[in-house]
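Student: I should like to examine the side-chain contacts and the burial of residues in this model. May we work through them one at a time?

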Amino acid sequence: DMPFALQDMLLELDDLEPGYQRGDDTGCGALSPEGRPPELAAVLGGTFPSYCINQFEQPIGPGVHPLTESVVVELPTSEMAAEVMTEAVALARYFLGLNRPVSDPESVDFADEAIIFASEEVNYGDGGLIFGWRDGQRIHFVGVVAGFGRMDLDGYVRFLAETQQRRSEGR
């Protein structure tokens with residue numbers, strides 16, 4: 001029953017700009033050993049954390065974001081989550097398929113720690129931003145691939161992250 005609680009913490013269609021539809025990578029599961037990056041395998045060992053992901057796609061047109069993803073991973077303890085956060089790039093790559101991530105530590109009032117990644121998405125020929133944060137034993141990611149238009153991507157990703165955090169607190 002835990003994955004359903006995690007599912008409720010994710011962004012939903014009504015949190016996004018109009019025109020999105022649910023993508024194929026939506027679902028919940030356990031972070032199994034198959035496909036784990038080595039950095040994560042070293043930290044997680046025999047732990048198989050629960051996760052959920054919502055993927056949203058938008059038909060490509062001028063000024064739109066064709067892909068938005070919302071992820072939450074629940075670790076057994078805050079300590080393990082903090083350790084996994086040191087490998088946030090590997091975790092984000094596992095879920096969101098980052099190319100050439102560039103990360104910077106962030107400070108936000110709703111998280112124990114946070115990080116923002118810029119990436120180049122070869123599939124869409126444009127950049128994206130991913131905001132990752134830890135709230136106790138949960139690690140969250142919100143990612144937006146920018147498509148062919150540019151708006152305030154940084155502000156938009158932060159807005160979506162705050163929205164997801166409110167959902168995770170049941171607000």
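Student: Which residues of helix α3 are buried, and on which side or sides of α3 do they lie?

Tutor: This is a predicted model, in which local features need pLDDT of at least 70, side-chain atom pairs count only at pLDDT 80 or more, and totals for chains, interfaces and linings use all residues. Residues are numbered from 1 along each chain as its sequence is written, and side-chain values use heavy atoms, with hydrogens and water left out. Helix α3 spans residues 78-85 (helices, H or I of at least four residues, and strands, E of at least two, are DSSP runs numbered from the N terminus), and its buried residues (under 20% relative accessible area; exposed is over 50%, partly exposed in between; 1.4 Å probe, protein chains only) are Met 80, Ala 81, Val 84 and Met 85. Because they cover an arc of only 145° around the axis (taken from the directions from the helix axis to the C-beta atoms), they lie on the same side of α3.

Student: How many salt bridges are there?

Tutor: The criterion is a side-chain nitrogen of Lys or Arg within 4 Å of a carboxyl oxygen of Asp or Glu. By this rule, the number of salt bridges is 6.

Student: How far apart in sequence are the parts tied together by Arg 167 and Asp 14?

Tutor: The side chains of Arg 167 and Asp 14 form a salt bridge with an N to O distance of 3.3 Å. Arg 167 belongs to helix α5 (residues 153-168) and Asp 14 to the loop between α1 and β1, so the pair joins parts whose separation in sequence is 153 residues.

Student: Which residues make up the salt-bridge network that contains Arg 167?

Tutor: Arg 167 is partly exposed at 25% relative accessible area, whereas Asp 14 is exposed at 65%. The network of salt bridges links Arg 167, Asp 14 and Asp 15.

Student: Is Arg 134, the partner of Glu 113, buried or exposed?

Tutor: Arg 134 and Glu 113 form a salt bridge whose closest N and O atoms are 2.7 Å apart. The pair links distant parts of the chain, with Arg 134 in strand β7 (residues 126-135) and Glu 113 in strand β6 (residues 113-121), 21 residues apart. Glu 113 is partly exposed at 28% relative accessibility. Arg 134 has a relative accessibility of 10%, and therefore counts as buried.

Student: What is the relative accessible area of Arg 22, which forms a salt bridge with Glu 12?

Tutor: The closest N and O atoms of Glu 12 and Arg 22 are 2.7 Å apart. Glu 12 sits in the loop between α1 (2-7) and β1 (21-22), and Arg 22 in strand β1, 10 residues apart. Glu 12 is partly exposed, at 22% relative accessible area. Arg 22 is also partly exposed, and its relative accessible area is 38%.
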